[in-house]
Amino acid sequence: SPIRMAKIESAIRLVLQFNEAFNRHDVTGMMKLMSEDCVFENTAPAPDGTIYSGKEAVTYFWKDFFRGSPQAHIDIEEIFGMGSRCIMRWKYSWGEGHVRGVDIFKVEEGLITEKLSYVKG
């Protein structure tokens, strides 16, 4: 339906804005797109990754992350939406190397509520 498609397109736009802020290392810009009760599931450590719950914990993670990865950059390889989910294949580079992976986002009421990250290798 047109309403469902508009919701999916809106979710994709939100995730694209999130990644633009990521590539600027703009934690404030990233976090204004996430809900107060957001959840971020990191790729590390294997096999399950650390889970950060709530805006404060996720904000702290990203500030620390960019301090340790000043060249962090995401290239989006593919992005699409289904229901309240947005799926994004990416290449993450940090200067001397890269990894590839997938993020599964959940968007509710115009905000990202979940970012679940998976990596190859």
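What follows is a short dialogue on reading the sheet, the core and the aromatic pairs of a predicted model.

Colleague: Let's start with the sheet. In what order do the strands run, and is the pairing mixed or not mixed?

Modeller: You'll find 6 strands in an open sheet, ordered β2-β1-β6-β5-β4-β3, and the pairing is mixed. At the edges stand β2 (51-53) and β3 (73-82); each has a single partner strand, so one side of each lacks a neighbour in the sheet. From one strand to the next, the twist averages 15 degrees.

Colleague: Pick one strand pair for me. In what sense do β4 and β5 pair, and over how many bridges?

Modeller: That pairing is antiparallel, over 9 bridges. To find your place in it, take Met88: its bridge partner in β5 is Asp103.

Colleague: And which strands do the helices α1 and α3 touch?

Modeller: α1 packs on the sheet and touches β1, β3, β4, β5 and β6 (111-119), with its direction at about 170 degrees to that of β3. α3 also packs on the sheet, touching β1, β2, β4 and β6. The direction of α3 makes about 55 degrees with that of β1.

Colleague: Now the core. Which residues have the most contacts inside it?

Modeller: The general idea is that nonpolar side chains in soluble globular proteins tend to be buried together. Here the largest nonpolar core holds 28 residues, and Phe18, Phe22, Trp62 and Ile112 have the most contacts inside it. At least two residues come from each of α1 (2-23), α2 (27-31), β1 (34-41), α3 (55-68), β4 (85-93) and β5 (98-108). The biggest giver is α1, with 8 residues. Click on Phe18: beyond its neighbours within four places in sequence, its contacts include Met30, Leu33, Trp62, Phe105 and Ile112.

Colleague: How do I read the aromatic pairs, say Phe22 with Phe65?

Modeller: You describe a pair of aromatic rings by the distance of the centres and the angle of the planes. The count in this model comes to 15 aromatic pairs. Phe22 and Phe65 sit 6.0 Å apart, centre to centre, with 45 degrees between the planes, and the pair is tilted. Phe22 is in helix α1 and Phe65 in helix α3, 43 residues apart, and the pair links distant parts of the chain.

Colleague: What about Trp62 and Phe65?

Modeller: Their ring centres are 5.3 Å apart and the planes stand at 85 degrees; over 60 counts as edge-to-face, so this pair is edge-to-face. They are 3 residues apart in helix α3, about one helical turn.

Colleague: Are Phe22 and Trp62 buried or exposed?

Modeller: Phe22 has 4% relative accessibility; buried means under 20%, so Phe22 counts as buried. Trp62, at 3%, is buried too. Both belong to one aromatic cluster, whose members include Phe40, Tyr52, Phe65 and Trp94.

Definitions and conventions
Residues numbered from 1 in each chain as written. Predicted model: local features only at pLDDT ≥ 70, side-chain atom pairs only at ≥ 80, totals over all residues. Heavy atoms only, no water. Core = buried A, V, L, I, M, F, W, Y, C linked by side-chain atoms within 4.5 Å. Buried < 20%, exposed > 50% of the residue type's maximum accessible area, 1.4 Å probe, protein only. Helix = DSSP H or I, 4+ residues; strand = E, 2+ residues; numbered from the N terminus. Contact = heavy atoms within 4.5 Å. Pairing = 2+ DSSP bridges. Axes fitted to C-alpha atoms, helices over the stretch in contact; angles between N-to-C directions. Phe/Tyr/Trp six-rings, centres within 6.5 Å; stacked < 30°, edge-to-face > 60°.
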